[in-house]
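Visitor: I would like to learn how the labels on a structure are justified. Please take me through some of them.

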Amino acid sequence: MSLRVMSGVVVAVLVLAVIFVFMGSGLDFDYIIPKRLERLAGILIGGVCVALSSIVFQTLVNNRILTPAIMGYEAVYLMWQAMLLLILGTHGMAALGVGLNFLMSSFLILIYSWAMHRWLLSQGRRDVYQLLLVGLVLTMVLGTFTQFVQLRISPGEFSVFQNLSYTSFNRAQPETLLYAFLAVLAVCVVGYRYLSELDVLLLGREQAVSLGVNEPQRIRLYMALIAILVAVSTSLIGPTAFLGIFIANITYAITKSRLHRHTLPLGSVVAVIIFITAQLLVERLFNYKTTVSILVNLVCGAYFLMLMVRVRTTL
Amino acid sequence: MISVENLCKEYADKTVLASANAAFPVGCITSLIGPNGAGKSTLLMMMAGLIKPVSGSVFFDGVPVGDIPVADYARKVATLRQSPGFNLRLKVHELVAFGRFPYSKGALSAHDRQVIDDSIAFLSLEHLRNAFIDELSGGQRQMAFLAMTIAQQTPVLLLDEPLNNLDMKHAVQIMQALRRLCDEQGRTVILVIHDINFAANYSDHIVALKSGAIHFNGPVYDAVTETLLSDLYELDFEIINSKRGRVCDYFTPVLENENEVDG
């Protein structure tokens with residue numbers, strides 16, 4: 001990846017961010033701009049989480065059409081939100097506060113992933129595919145359970161639940177943003193240490209071991225880091241489901257490389273560009289009549305198909 | 001240098017390898033031969049540290065391999081698995097650069113670059129240096145992977161069926177390259193091979209396996225005999241000594257009790 005591409009996308013992010021914060025704000029520094037800065041911070045942290053977790057996850061499972069959503073992390077989040085609504089109702093949810101809900105959902109996702117990794121990755125002979133299979137089955141089981149809970153809640157509570165099940169940057173608050181930022185920072189510091197070993201893992205498990213990578217340990221470490229990123233992003237901006245697929249694959253197409261020192265920074269920037277653009281469109285053009293997830297799926301899906309048709313090569 | 005003692009491997013209730021003992025001569029090509037399911041690849045993968053034995057140990061310079069950290073072992077023993085499935089867009093020289101990972105940890109030095117160039121030149125792959133791996137033919141791809149393994153600069157190379165799916169020309173090129181690795185650089189090459197004629201003409205040492213046990217372990221001259229091979233493969237063999245070497249003919253078995261079959 002050339003320096004030109006990277007500087008190009010960084011400039012694009014800055015321009016978009018300035019437009020997002022200042023367009024039509026009347027330079028109101030008391031309310032409008034601080035609120036927009038909160039959303040922008042949510043987009044930045046959420047984008048970095050989604051991009052890093054998706055790209056690293058695709059490396060670990062050696063598959064370009066999966067995201068960590070398949071492990072059932074988001075299903076745990078949704079079930080927890082549905083349970084909260086059933087037990088506490090909308091008033092109780094409001095009383096609980098966004099900050100506490102953020103911490104509790106993150107904590108639950110981490111417990112879930114810890115239990116699953118401990119169960120399936122601790123014995124040496126078990127592999128990543130078994131983890132994926134169990135994750136997929138648990139996603140469905142939890143999803144069904146959530147549907148069952150949905151039937152028990154009132155229509156008003158259901159509309160609250162539906163809002164929580166979409167990706168949205170409006171939930172971000174200074175308190176949750178701070179927790180999220182610290183968590184992402186810690187993940188980046190720890191993950192950076194073995195960044196080059198991730199490249200070797202692209203060659204497959206056996207080749208990686210032959211080249212001196214302690215594969216079981218690295219898989220455990222990076223799966224844990226991914227769980228933290230997903231817990232943070234899901235609690236912060238809601239489930240992103242398969243948005244990560246587009247972000248990762250668009251990144252591979254732009255970098256024409258799978259080396260993580262290229263894909264991880266560019267992927268984060270790409271995710272932020274996509275999220276800011278989608279949020280701008282939702283706010284300005286559609287006036288909140290559609291959601292970020294729907295917009296991103298539509299536009300990125302079309303772009304991705306175009307890439308596939310036009311560039312007929314493996315990336 | 002590398003040896004195995006009482007090595008056993010079982011999958012569920014099936015014993016794949018039972019109490020294998022062998023020492024592999026240094027600076028030689030050793031071929032692991034035998035019928036399918038004899039335990040050849042299992043033995044090689046345990047030596048590579050990719051499969052854990054149920055009991056017994058692999059020793060490198062007298063140290064049990066389980067006691068050597070993975071990162072250190074990668075500077076002693078390089079492994080190439082059969083026909084790696086590949087969906088990555090990498091250039092040949094980028095793939096070969098991965099061979100330097102045990103030393104460089106991703107940041108290539110001038111010396112690393114020199115070794116990469118030498119490995120590519122060793123296999124005469126200069127013209128493919130900037131080609132993408134997924135656009136190469138099977139034979140060229142295998143050569144590129146071999147170049148990566150050579151760039152790892154380990155005293156021992158383990159190759160699992162390196163001639164799989166290759167045409168005759170590429171197969172000969174690979175075997176000649178392995179011969180030169182031993183003769184010119186003194187490396188030890190251990191490979192699993194199915195073509196008995198390549199094994200007979202290129203290796204120094206043969207380890208034959210049958211039903212999970214070591215059937216024969218000795219120099220190639222003693223291994224390539226009609227009795228031993230017939231017994232090993234349960235096929236009728238004829239060894240023909242030609243000017244260029246020995247040819248094992250097993251293609252048209254002579255049925256000993258043909259009359260009885262007819263009757």
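**How the labels are earned**

Guide: In chain B, strand E11 (residues 238-242) and strand E12 (residues 245-249) run antiparallel and are joined by five bridges. This is a predicted model, where local features need pLDDT of at least 70, side-chain atom pairs count only at pLDDT 80 or more, and totals for chains, interfaces and linings use all residues. Residues are numbered from 1 along each chain as its sequence is written, chains are lettered from A and ligands numbered from 1 in the order in which they are written, and side-chain values use heavy atoms, without hydrogens and water.

Visitor: What makes E11(B) and E12(B) a pair of strands?

Guide: Strands (E, at least two residues) are DSSP runs, as are helices (H or I, at least four), numbered from the N terminus. Two strands pair if DSSP finds at least two bridges between them; E11(B) and E12(B) have five, so they pair. One bridge partner of Ile239(B) is Cys248(B) in E12(B). With two residues between them, E11(B) and E12(B) form a hairpin.

Visitor: Which strands are the edges of the open sheet in chain B?

Guide: The order of its six strands is E6-E7-E8-E3-E9-E10, with mixed pairing. Strand E6 (77-80) and strand E10 (213-219) are the edges, each pairing on one side only. Inside the order, strand E3 (residues 29-33) and strand E9 (residues 205-210) run parallel, joined by four bridges. There Leu32(B) stands opposite Val207(B).

Visitor: Why is Glu38(A) called buried?

Guide: Buried means under 20% relative accessible area, exposed over 50%, and partly exposed in between (1.4 Å probe, protein chains only). Glu38(A) has 16%, which is under 20%, so it is buried. Glu38(A) sits in helix H2 (residues 32-60) of chain A. Leaving aside neighbours within four places in sequence, Glu38(A) is in contact (heavy atoms within 4.5 Å) with Ala172(A), Gln173(A), Pro174(A) and Leu177(A).

Visitor: Why is Leu103(A) called partly exposed?

Guide: Its relative accessible area is 39%, which lies between the two cut-offs, so Leu103(A) is partly exposed. Leu103(A) is found in helix H4 of chain A.

Visitor: What makes Leu103(A) eligible for a nonpolar patch?

Guide: Patches take residues with over 30% relative accessible area and no salt bridge (a side-chain nitrogen of Lys or Arg within 4 Å of a carboxyl oxygen of Asp or Glu). Like charges are joined within 9 Å, and nonpolar side chains (Val, Leu, Ile, Met, Phe, Trp, Tyr) within 5 Å. Leu103(A) is a Leu with 39%, so it passes the area cut-off. The patch also includes Leu100(A) and Phe181(A). Helix H7(A) gives the most, with six residues.

Conventions
Areas by Shrake-Rupley, 256 points an atom, 1.4 Å probe, with all protein chains shown as cover.
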